[in-house]
Amino acid sequence: MKHIDTAFRYVRMFTFVIILGSLLLSGFVIYKSYELATVAKNKVYVLAGGKALEALATDRKDNVPVEARDHVFMFHHYFFTLDPDDKVIQRNITKALYLSDASAKRQYENLKESGYYSNIIAGNISQQISIDSISINVDSHPYYFRCYATQQIIRATSIVYRLLITEGYLRNVERSDNNSHGFLIEKWHTIENRDEKTVNR
């Protein structure tokens, strides 16, 4: 009887250890599976130039400064990159106006009324912009920005370099095909736009 009782105790303790070990192992496996599934869910593969590239999904708040700077960059690129072709001007301005509110439309209409775009076409002038820097304050919404850029006005005989400084605010909106960053520029205006130098061609 003594041996049976001791054996029963050993079997009971062994069974308890096996059950506890199985529960711990099952819990660990479930946790790791969930962790792996979460990581896999955030991975996206993009085909670019015949190559599969891995992209990771992140919260928007992690990318707000980068996306905001690119939004401001693209707006200024479209608004200030002009060639002596009415269709090119209209195409670029239309793209820029999708990224901004009525403040940019007012500036466009003022330039149009003053004959700015007609002079570009008549004089065979091209205008390009290079962005020097964009500062964004993402601490409060809407996000304040200031853009420092250099304009090149290319004429047949010379290239004029102009300093351009603008500022405004970025408000969150729904993303769309015309506005992939999901921002809208508000209260946009030019602080400074003056000639820096002229280079003869």
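## Tyrosine 116 and the aromatic pairs

In this predicted model, tyrosine 116 has a relative accessible area of 27%, so the residue counts as partly exposed. Tyrosine 117 has a relative accessibility of 7% and is therefore classed as buried. The cut-off that separates the two is 20%, since buried means under 20% relative accessible area. Across the whole structure, a search finds 9 aromatic pairs. Tyrosine 116 and tyrosine 117 make up one of them, an edge-to-face pair with 5.6 Å from centre to centre and 85° between the planes.

Phenylalanine 79 and phenylalanine 80 form an aromatic pair that is also edge-to-face, with ring centres 5.1 Å apart and planes at 65°. Both phenylalanine 79 and phenylalanine 80 are buried. Ring pairs join these two residues with Phe75 and Trp188 in a cluster.

## The largest nonpolar core

The largest nonpolar core has 31 residues, and those that touch the most other members are Phe75, Phe79, Ile136, Leu170 and Trp188. Four helices and four strands each supply at least two residues of this core: H2 (60-80), H3 (86-98), H4 (102-113) and H5 (116-122), together with S3 (126-137), S4 (143-154), S5 (158-172) and S6 (183-200). Helix H2 gives the largest share, 7 residues. In soluble globular proteins, nonpolar side chains tend to be buried together.

Which residues does isoleucine 136 contact, leaving aside its neighbours within four places in sequence? The list consists of Ala68, Arg69, Val72, Tyr143, Tyr144, Phe145 and Leu170. Leu170 is, like isoleucine 136, one of the core residues that touch the most other members.

## The largest pocket

The largest pocket holds about 290 Å³ of space. Its lining is made of 18 residues, and Leu111, Tyr116, Gln127, Gln151 and Asn193 are the ones nearest the centre. Tyr116 thus appears in two settings, since tyrosine 116 also pairs with tyrosine 117.

Which elements each supply at least two residues of the lining? They are H2, H4, H5, S4 and S6. Helix H5 provides the largest share of the lining, 4 residues. By residue type, the lining contains 9 nonpolar, 7 polar and 2 charged residues.

## Threonine 198 in strand S6

Threonine 198 is part of strand S6. Serine 158 is 40 residues away from threonine 198 in sequence, while the C-alpha atoms of the two are 6.7 Å apart in space. Not counting residues up to four places away in sequence, threonine 198 touches Ser158, Ile159 and Val160.

## Backbone details

Where the chain passes from histidine 141 to proline 142, the peptide bond is cis, with omega near 0°. Proline 142 is in the loop between S3 and S4.

Asparagine 124 has a phi near 50°, which is a positive value in a residue other than glycine. The loop between H5 and S3 contains asparagine 124. With a relative accessibility of 56%, asparagine 124 is classed as exposed, because exposed means over 50%.

Lysine 187 also has a positive phi, near 50°, and is a residue other than glycine. Lysine 187 lies in strand S6. Is lysine 187 buried or exposed? Its relative accessibility is 58%, so lysine 187 counts as exposed.

Note on methods. Residues numbered from 1 in each chain as written. Predicted model: local features only at pLDDT ≥ 70, side-chain atom pairs only at ≥ 80, totals over all residues. Heavy atoms only, no water. Core = buried A, V, L, I, M, F, W, Y, C linked by side-chain atoms within 4.5 Å. Buried < 20%, exposed > 50% of the residue type's maximum accessible area, 1.4 Å probe, protein only. Contact = heavy atoms within 4.5 Å. 1 Å grid on protein atoms, 1.4 Å probe; cavity = no way out; pocket = protein on both sides within 12 Å on 5 of 7 lines; lining within 4 Å. Points joined across faces, edges and corners; volume = space filled by probe spheres on them. Nonpolar A, V, L, I, M, F, W, Y, C, P; charged D, E, K, R; others polar. Phe/Tyr/Trp six-rings, centres within 6.5 Å; stacked < 30°, edge-to-face > 60°.
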